[in-house]
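Trainee: I have a chain open on my screen and would like to talk it through with you. Could you look at it with me?

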Amino acid sequence: MSTLKNKIDFVALVRVELANPNGDPLNDNRPRTTYEGYGHISDVCIKRKIRNRLLDMGEEIFVQSDDKRVDECKSLHERYDKVFSASDSKDKTDEEKGKVACEKWIDVRSFGQVFPFKSNKDKKKKVQSQEKDDETKSVSIGIRGPVSIHQAMSCAPIDIQSIQIAKSVNLEPGDTKGPDRLGMKHFVEFGLYKIKGSINVQLAEKTGFSDEDAEKIKEALRTLFVNDASAARPDGSMSVLKVYWWKHNTKDGQYSSMQVHDSVKIALKNDAQIAKSVDDFEITLAELDGLKPEIIDGI
């Protein structure tokens, strides 16, 4: 695979309807909002979904969530040890281990990763000094990845609705109280969110991130909400409308990432007080001399 040679910027537009795109655990799991009422989705949430899509596509992923896990490892340390506990890996330098990690896991060479693991001896702190250490040595490796993702922001203030939910069956034998209130369910009535990101060539050279990897990231963005349904996000309640993909003709880029991202201009139409559908927005693309995006329909 050839290492990435040209800077890439991208924007994805996400439609949300009667769904909770990213609940805030500090606020009763209500959809995240700014003080001005704009919705946002954390970059961590977006990276999680990209990892899940890459996993669906058959790629090897280091940071797997428990509900998507495809191996027997129940922690990141176990997954790390599975690769580096062999005798031929124990004596590798941290730099050599980082190179192996980038080659093996696409999310490591894309987003970077910190490996702050202690050996079992370090954790127990009571092993005799003469005892042979058959476990992986302590390691502290930091890898910076070339793919950066912004927090997604809604293009207009959002309207959040809340409903109370209740159970309709008894939980335990002999329970005769009938329906009980279980809590609240919060959702965005409608929102159009803008995801922004970039891929840096200098960092791609360090992790081995390739043009082929960039194409996989693009496909993961296009299909971001496939196999992502939940009670908070029913199937079809969230979808990617468009992905704008700019490939510069230089390593550093013909324009700054801010200029490129801001070329996708989204505004409420004059007669719209609050957005109820995509039709309430006017979406335009400002021309950048010598740099045109590939525009892909999402699903």
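Trainee: Let me start with K218: is K218 buried or exposed?

Mentor: K218 counts as buried, because its relative accessibility is 9%. Please keep in mind throughout that this is a predicted model.

Trainee: Which side chain does K218 meet in a salt bridge?

Mentor: The partner is E294, and the N to O distance between the two side chains is 2.8 Å. This pair links distant parts of the chain, since K218 belongs to helix α8 and E294 to strand β14 (residues 294-297), 76 residues apart. E294 counts as partly exposed, with a relative accessibility of 40%.

Trainee: Okay, and how many salt bridges does the structure hold?

Mentor: The structure holds 20 salt bridges. As general background, side chains of opposite charge can pair when their charged atoms come close.

Trainee: What about D228, which side chain does it meet in a salt bridge?

Mentor: D228 meets K49, with 2.9 Å from N to O. K49 sits in helix α1 (residues 43-56) and D228 in the loop between α8 (211-222) and β11 (238-247), so this salt bridge ties together parts that are 179 residues apart in sequence.

Trainee: And K49 itself, buried or exposed?

Mentor: K49 is buried, at a relative accessible area of 8%, and D228 also counts as buried, at 13% relative accessibility.

Trainee: Which residues are linked with K49 in a network of salt bridges?

Mentor: The network of salt bridges links K49 with D228 and R233.

Trainee: Switching to R79, what does it form a salt bridge with?

Mentor: R79 forms one with D71, and their closest N and O atoms are 2.8 Å apart. R79 counts as buried because its relative accessibility is 4%, which falls under the 20% cut-off.

Trainee: New topic, backbone angles. What is phi of L18 near?

Mentor: Phi of L18 is near 55 degrees, which is a positive value in a residue other than glycine. In general, most residues other than glycine have a negative phi. L18 lies in strand β1 (residues 8-19), and it is partly exposed, with 48% relative accessible area.

Trainee: And where is D28 found?

Mentor: D28 is found in the loop between β2 (23-24) and β3 (30-31). Its phi is also a positive value, near 55 degrees, in a residue other than glycine. D28 is exposed because its relative accessible area is 53%, over the 50% cut-off.

Trainee: Stepping back, how many helices and strands are there in the protein chain?

Mentor: The protein chain has nine helices and 14 strands. Of its 299 residues, 45% are buried, and the chain exposes about 16400 Å², with carbon and sulfur atoms supplying 48% of that area.

Trainee: What share of the contacts comes from residues 24 or more positions apart?

Mentor: Among contacts in the protein chain with a separation of 6 or more, 73% are between residues 24 or more positions apart.

Trainee: Last thing, what is the mean pLDDT of the protein chain?

Mentor: The mean pLDDT is 90, and 90% of the residues reach 70 or more. Over residues 125-134, however, the pLDDT is below 50, and this stretch has seven contacts in the model beyond near neighbours in sequence. Where pLDDT is low, the predicted coordinates should not be read in detail.

Key. Residues numbered from 1 in each chain as written. Predicted model: local features only at pLDDT ≥ 70, side-chain atom pairs only at ≥ 80, totals over all residues. Heavy atoms only, no water. pLDDT = per-residue confidence, 0-100. Contact = heavy atoms within 4.5 Å. Salt bridge = Lys/Arg side-chain N within 4 Å of Asp/Glu carboxyl O. Helix = DSSP H or I, 4+ residues; strand = E, 2+ residues; numbered from the N terminus. Buried < 20%, exposed > 50% of the residue type's maximum accessible area, 1.4 Å probe, protein only. Areas by Shrake-Rupley, 256 points an atom, 1.4 Å probe, with all protein chains shown as cover.
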